Amino acid sequence: LFAIVGKTFIRDRGAPIFNPAALGIGLGYLLSLVLFKAGMLRETLFESWWGADLQFTFFKFSPVLWVISFVILGLFVYYCKRFNKLNHALAFYFTYIGLSFLYFQVKGVPVIWMTYLLNIFTGSFIFLAFVMVSEPKTSPVLKNQQVWLGVTGGVILFIFSNIIPEYLPSFNVEIPTIAALLLLNYVTYLVKSNG
């Protein structure tokens, strides 16, 4: 319902400002938080990317099935290329991965390389980067804007996922991927409106 309302009413120049699915999840979470605080719910909405995690459950049973994950990644890349959004998705994807990798190194977090690489190429993060972030109507059109806004989005997600929870826990966001995506959508809207 929130996704439909957002797509229908939060628009400018015939296009939605926010990714409708992300807005629906974000507003659904906020409503559940209000109802939880009022004692009407036992818990808040659980933000889950389970349906987009290509390694979840049955893919883990046989390494041969990992091939399917890479085929789906190829389809996501094709989707981005088809809509001329590949630069945006790649800039977001590699910025977040690069910052996370550097952060792990600086913090001395042990990395299990095989698991890390499989998650980079088959986890729900590829769905976020290559489908949600690069959604044609809410992502930038111009190539140079795609790159720097993709980098900006990767930095925002890194801050929401790592820096805020560790250093500013009172500002911690329960749904960092959705919050980062909605903030990126808004920044993109401002850039598109002024340029």
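**First stop: helices H1 and H2**

H1 and H2 are oblique to each other, because an angle that is neither under 35 nor over 145 degrees, and not within 65 to 115, is counted as oblique. To see this in the predicted model, select helix H1 (residues 2-9) and helix H2 (residues 20-37), whose axes cross at roughly 125 degrees and come within 7 Å. The crossing of H1 past H2 is right-handed. Next, display the side chains at the contact: Phe2, Ala3, Gly6 and Lys7 on H1, facing Pro20, Ala21, Leu23, Gly24, Leu27, Gly28 and Leu31 on H2. Sorted by class, this H1–H2 contact contains 7 nonpolar, 3 polar and 1 charged residues.

**Second stop: Tyr29**

Remain on helix H2 and select Tyr29, which belongs to that helix. Is Tyr29 buried or exposed? Tyr29 is buried, and its relative accessible area is 8%. Once neighbours within four places in sequence are set aside, the contacts of Tyr29 are Thr44, Leu45, Glu174 and Ile175. Add Glu47 to the selection: the C-alpha atoms of Tyr29 and Glu47 are 7.7 Å apart, while the two residues are separated by 18 residues in sequence.

**Third stop: the whole chain**

Now zoom out and colour by secondary structure. The protein has 8 helices and 2 strands, and along the sequence they follow the pattern α-β-β-α-α-α-α-α-α-α. Of its 195 residues, 39% count as buried. Among contacts between residues at least 6 apart in sequence, 72% join residues that are at least 24 apart.

**Fourth stop: helix H6**

Select helix H6 (residues 124-133) and show the surrounding atoms. This helix is largely enclosed by the rest of the structure, because 8 of its 10 residues are buried. The buried residues of H6 are Phe125, Ile126, Leu128, Ala129, Phe130, Val131, Met132 and Val133.

**Fifth stop: H6 against H4**

Keep H6 in view and add helix H4 (residues 86-107). The two axes come within 9 Å and cross at roughly 150 degrees; H4 and H6 are therefore roughly antiparallel to each other. H4 passes H6 in a right-handed crossing. Which residues make this contact? On the H4 side they are Leu86, His88, Ala89, Leu90, Phe92, Tyr93, Tyr96 and Ile97, and on the H6 side Phe125, Ile126, Leu128, Ala129, Phe130 and Val133. By class, the contact between H4 and H6 has 13 nonpolar residues, 1 polar residue and no charged residues.

With both helices still displayed, highlight the aromatic side chains. Phe92, Tyr93, Phe94, Tyr96, Phe125 and Phe130 form one aromatic cluster. Phe125 and Phe130 of this cluster are also among the buried residues of H6.

**Sixth stop: H4 against H7**

Hide H6 and bring in helix H7 (residues 143-167). Two packed helices are described by the angle between their axes and the distance between the axes. For H4 and H7, the angle is about 35 degrees and the axes are 7 Å apart. Here too, the crossing of H4 past H7 is right-handed. By class, the contact of H4 with H7 has 14 nonpolar, 10 polar and 3 charged residues.

**Seventh stop: Tyr103 and Phe158**

A search of the whole structure finds 10 aromatic pairs. For one of them, select Tyr103 and Phe158, whose rings are arranged edge-to-face, with 5.4 Å from centre to centre and 80 degrees between the planes. Tyr103 lies in H4 and Phe158 in H7, so the pair ties together parts that are 55 residues apart in sequence. Both partners can be checked for burial: Tyr103 is buried at a relative accessible area of 13%, and Phe158 is buried at 9% relative accessibility.

**Last stop: Gln145**

Finally, move along H7 to Gln145, a residue of that helix. How is Gln145 placed with respect to the surface, buried or exposed? Gln145 is buried, with a relative accessible area of 11%. Not counting residues up to four places away in sequence, Gln145 touches Pro140, Gly150 and Val191. Displaying these three residues together with Gln145 completes the tour.

Note on methods. Residues numbered from 1 in each chain as written. Predicted model: local features only at pLDDT ≥ 70, side-chain atom pairs only at ≥ 80, totals over all residues. Heavy atoms only, no water. Phe/Tyr/Trp six-rings, centres within 6.5 Å; stacked < 30°, edge-to-face > 60°. Helix = DSSP H or I, 4+ residues; strand = E, 2+ residues; numbered from the N terminus. Buried < 20%, exposed > 50% of the residue type's maximum accessible area, 1.4 Å probe, protein only. Axes fitted to C-alpha atoms, helices over the stretch in contact; angles between N-to-C directions. Left-handed = near helix turned anticlockwise from the far one by under 90°. Contact = heavy atoms within 4.5 Å. Nonpolar A, V, L, I, M, F, W, Y, C, P; charged D, E, K, R; others polar.
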